[in-house]
Amino acid sequence: MIDAVGLHKTYRLKKRRVEALRGVDLHVESGEIYGVVGQSGAGKSTLLRSVNLLERPDSGTVRVGDEELTSLRGARLREARRHIGMVHQHFALLSSRTVAGNVGFPLEVSGMSRAARATRVGELLELVGLGDKARAYPSQLSGGQKQRVGIARALASDPKVLLSDEATSALDPATTESILALLRRLRDELGLTILLITHEMDVIKRICDSAAIMEDGEFRESGRVLDLIGTPGSLLARSLFPLPENGGPETVFITYPRSFDEPFMSELTRRFDVDVNILGGGVEQVAGQSVGRLSVDMRGGRRREALTYLSEHGLLVEEVGK
Ligand code: ADP
Ligand code: MG
């Protein structure tokens, strides 16, 4: 649904040059929630704004659906952009307008009649759980409610793609959770494709099917979250599951990116006579599946055979001490 290839963008400020994008390729499947995570200044917002051409990349192409946006200008670009919704960190609501007035604003601009607008705004507010807030003003709403208004407004023109720039970064954890649940429900019910950027790993863990780690204008790693978690040395897996770094030469990370019924630990000690000491770990829901990750010290016995046994049973084994 989103295909961006070879994006470069350099900002020039008096004497300084900032390379915000240094050759980024981004592929987002239809109906997918794709997260880009990275620290402040990594180039995430520039990337997002390049996808709807609010920022024109110096080179590279952007295709959203059937349209090559980078080849469009003026009215045709504005029209194409109407099919891409955008949600902002600080909501960007008009304080002098009611909730209904904010959500209906893009429809008003596009010339929809008052009656049709009222119906559509009513539907949108129901969709985001604000059916009773149409006449409220933004100042009377909580942060989470303001973001729901922002999301309803982004959906007003019935976009296929939603871009979200740190939509939950100004919210507390419980509200963040409810907004993420809303985004996931919208994806499921409307078949939306969602590209979101965040500096919070937890957001990736909670709702993303695919993700990229961005650093210094480049993707360091990208792919389906469950695949990355099963990939040796994955940065994303390390960031999602920080494990104790105090391991010794015998320390092993064991990851199992699917539900695993066999009691493999007792099997190890019994069959291979190894001593296993658990240093840390846990089981979490990632991309809708249980993923377990353990850090263990494994010594003695037939250690090498024990590790092979785990690999052969589909567990990812990383020898940290090597
Ligand atoms: P992020 O969203 O990951 O924090 P940004 O895309 O906002 O990163 O910024 C990437 C780099 O580009 C930063 O060094 C930032 O200062 C610079 N930058 C972003 N927008 C502009 C701009 N409009 N003019 C000049 N420099 C900018
Ligand atoms: Mg940003």
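These exercises work through one helix, one strand pair and one ligand site in a predicted model. Local features need pLDDT of at least 70, side-chain atom pairs count only at pLDDT 80 or more, and totals for chains, interfaces and linings use all residues. Residues are numbered from 1 along each chain as its sequence is written, chains are lettered from A and ligands numbered from 1 in the order in which they are written, and side-chain values use heavy atoms, with hydrogens and water left out.

**Exercise 1. Check the span of helix α6 (residues 173-190) against its number of residues, and find which of its residues are buried.**

Step 1. Helices are DSSP runs of H or I with at least four residues, and strands are runs of E with at least two, numbered from the N terminus. The expected span is 1.5 Å times one less than the number of residues. For the 18 residues of α6 this gives 26 Å, and the end C-alpha atoms are 25 Å apart, which agrees.

Step 2. Buried means under 20% relative accessible area, exposed over 50%, and partly exposed in between (1.4 Å probe, protein chains only). The buried residues of α6 are Thr175, Thr176, Ile179, Leu180, Leu182, Leu183, Leu186 and Arg187.

Step 3. Seen down the axis of α6, these residues fall within an arc of 155°, so they line one face of the helix. The arc is that of the directions from the helix axis to the C-beta atoms. An α-helix has 3.6 residues a turn, so residues three or four places apart point the same way.

Step 4. Pro173, Ala174 and Asp188 are exposed on the other side of α6.

**Exercise 2. Describe the setting of Arg293 in strand β13 (residues 289-299).**

Step 1. Arg293 counts as buried because its relative accessibility is 1%.

Step 2. A polar contact is a pair of N or O atoms within 3.5 Å; within protein, one must be able to donate a hydrogen and the other to accept it, and residues adjacent in sequence count only if both atoms are side-chain atoms. The Arg293 side chain has such contacts with the side chains of Thr255 at 2.5 Å and Glu318 at 3.2 Å.

Step 3. Strand β12 (residues 275-286) runs antiparallel to β13, with 11 bridges between them; strands pair if DSSP finds at least two bridges.

**Exercise 3. Which polar partners do oxygen atoms of ligand 1 have at Gly41, Lys44 and Thr46?**

Step 1. At Gly41 the partner is a polar backbone atom, 2.7 Å away.

Step 2. Lys44 offers a side-chain N or O atom at 2.9 Å, and Thr46 a side-chain N or O atom at 2.5 Å.
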